[in-house]
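Thank you for making time for this today. I would like to walk you slowly through one protein model, and please keep the picture in view while I talk.

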Amino acid sequence: MMRILDSHAHLDHALFDTDRDELFESMAQAGIETAIIPGVSPERWSKQLDVAKRYSCPYGLGIHPWFCADNPQQALDLLTDKLNSYIEDPYLVAIGECGLDKIHKDNWHGQIIALQAQLSMAQQLNLPVILHVVKAHSEMLAMLKRYSLPRGGVIHGFYGSLAIASEYIKLGFKLGIGGLILNPSARKLRTCVAQLPHDSVLIETDSPAMTPRNAAESRNTPLILQSIIAEIATLHKKTSVLISEHAFRNTVQLFDLKLILI
């Protein structure tokens, strides 16, 4: 059986409250060993940490650009305190989810401040970052070039050109490929993924969001990971086993999961 990890899934979301146990049982039966749960805001960290502990999931702590205030200093102070409290926890594997999102640009100034602070935290704590980037690749690349991040990170839910992907890869970043690859209309993404080196790809779902078009249910889950792997394998003209092995290894190496995956 393939070894599979979901590198980005919000399994603490309320949409999973009624059947979370059953979902994790189904994931195990499908060969999905675990999922990394990103943090999004101080209001949701407590539940996120409870879910991560209960199901032995690695996690990140961060402030998502959608949840940034124009003056995010209070949230950043809370993040610093939370990171200091959990830094010895081997399941804390990243800073994030943080980033830039121009669709939600009414708080753009706050996004910039919050991202800069979280990149500094990643530097200081020697952790990778989980980055959300929407219509802001030029700004993100410029900022990453100003910060030398020792562990790099992942551009989650990547949807861009090969040229943009190559710039991130040069900076030591991986690219998170999710359910959008299953949409036939995603021609740019499919063309890009077909040319990505195997060691640059992570697989993810962003559950419960980013449900592929024509999916059986509106709520996305990690159970679509095998379909994502199969689609990438088709694009690369390789086997699903090979693609899953590379993605698994990439995720373990980036987030240093060796100690918690026994």
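**A walk through the model**

Let me begin with a loop, the one between α8 and α9 (240–255), because that is where K237 is found. Please bear in mind throughout that what you see is a predicted model. The phi angle of K237 is near 60°, which is a positive value in a residue other than glycine, and K237 is exposed, with a relative accessible area of 74%. A second residue can be described in similar terms, namely K135, which is not a glycine and yet has a positive phi of about 55°. K135 sits in the loop between β5 (129–134) and α5, and with 62% relative accessibility it counts as exposed.

While we are looking at the backbone, there is one peptide bond to point out, the one joining S207 and P208, which is cis, with omega at about 5°. P208 belongs to the loop between β8 (201–203) and α8 (225–236).

Now let us turn to a pair of helices. In general, two packed helices are described by the angle between their axes and the distance between the axes. Here the helices are α4, residues 108–125, and α5, residues 137–146, whose axes come within 11 Å and cross at roughly 30°. The crossing of α4 past α5 is right-handed. Which residues make the contact? From α4 they are W108, I112, L115, Q116 and L119, and from α5 they are E139, M140, M143, L144 and R146. Sorted by class, the contact has seven nonpolar residues, one polar residue and two charged residues.

In the loop between β4 (92–101) and α4 we come to N107. Is N107 buried or exposed? At 7% relative accessibility, N107 counts as buried, since the cut-off for that word is under 20%. If we set aside its neighbours within four places in sequence, N107 is in contact with P65, W66, C68 and D70. With C68 we can be specific, as the backbone oxygen of C68 lies 2.7 Å from a polar atom of the N107 side chain. N107 and L125, by comparison, are 18 residues apart in sequence, and their C-alpha atoms are 27 Å apart in space.

My last topic is charge, and here the structure holds 11 salt bridges. One of them links R44 with D12, where the closest N and O atoms are 4.0 Å apart. Because R44 lies in helix α2 (residues 42–54) and D12 in the loop between β1 (4–6) and α1 (20–29), this pair ties together parts that are 32 residues apart in sequence. R44 counts as partly exposed at 26% relative accessibility, whereas D12 counts as buried at 4%.

Another salt bridge brings together the side chains of K145 and E167, at 3.7 Å from N to O. K145 lies in helix α5 and E167 in helix α6 (residues 162–170), so this pair ties together parts that are 22 residues apart in sequence. K145 counts as exposed at 52% relative accessibility, while E167 is partly exposed, with a relative accessible area of 26%. Elsewhere, salt bridges that share partners join D17, R20 and K47 into one network. Within that network, the side chains of R20 and D17 meet at 2.7 Å, N to O; R20 counts as buried at 9% relative accessibility, and D17 is partly exposed at 41%.

Terms used:
Residues are numbered from 1 along each chain as its sequence is written. This is a predicted model: local features need pLDDT of at least 70, side-chain atom pairs count only at pLDDT 80 or more; totals for chains, interfaces and linings use all residues. Side-chain values use heavy atoms; hydrogens and water are left out. Axes are lines fitted to C-alpha atoms, for helices over the stretch in contact, and angles run from 0 to 180 degrees between N-to-C directions. Helices (H or I, at least four residues) and strands (E, at least two) are DSSP runs, numbered from the N terminus. A crossing is left-handed if the near helix is turned anticlockwise from the far one by less than a right angle, and right-handed if clockwise. Contact means heavy atoms within 4.5 Å. Ala, Val, Leu, Ile, Met, Phe, Trp, Tyr, Cys and Pro count as nonpolar, Asp, Glu, Lys and Arg as charged, and the others, Gly among them, as polar. Buried means under 20% relative accessible area, exposed over 50%, partly exposed in between (1.4 Å probe, protein chains only). A polar contact is a pair of N or O atoms within 3.5 Å; within protein, one must be able to donate a hydrogen and the other to accept it, and residues adjacent in sequence count only if both atoms are side-chain atoms.
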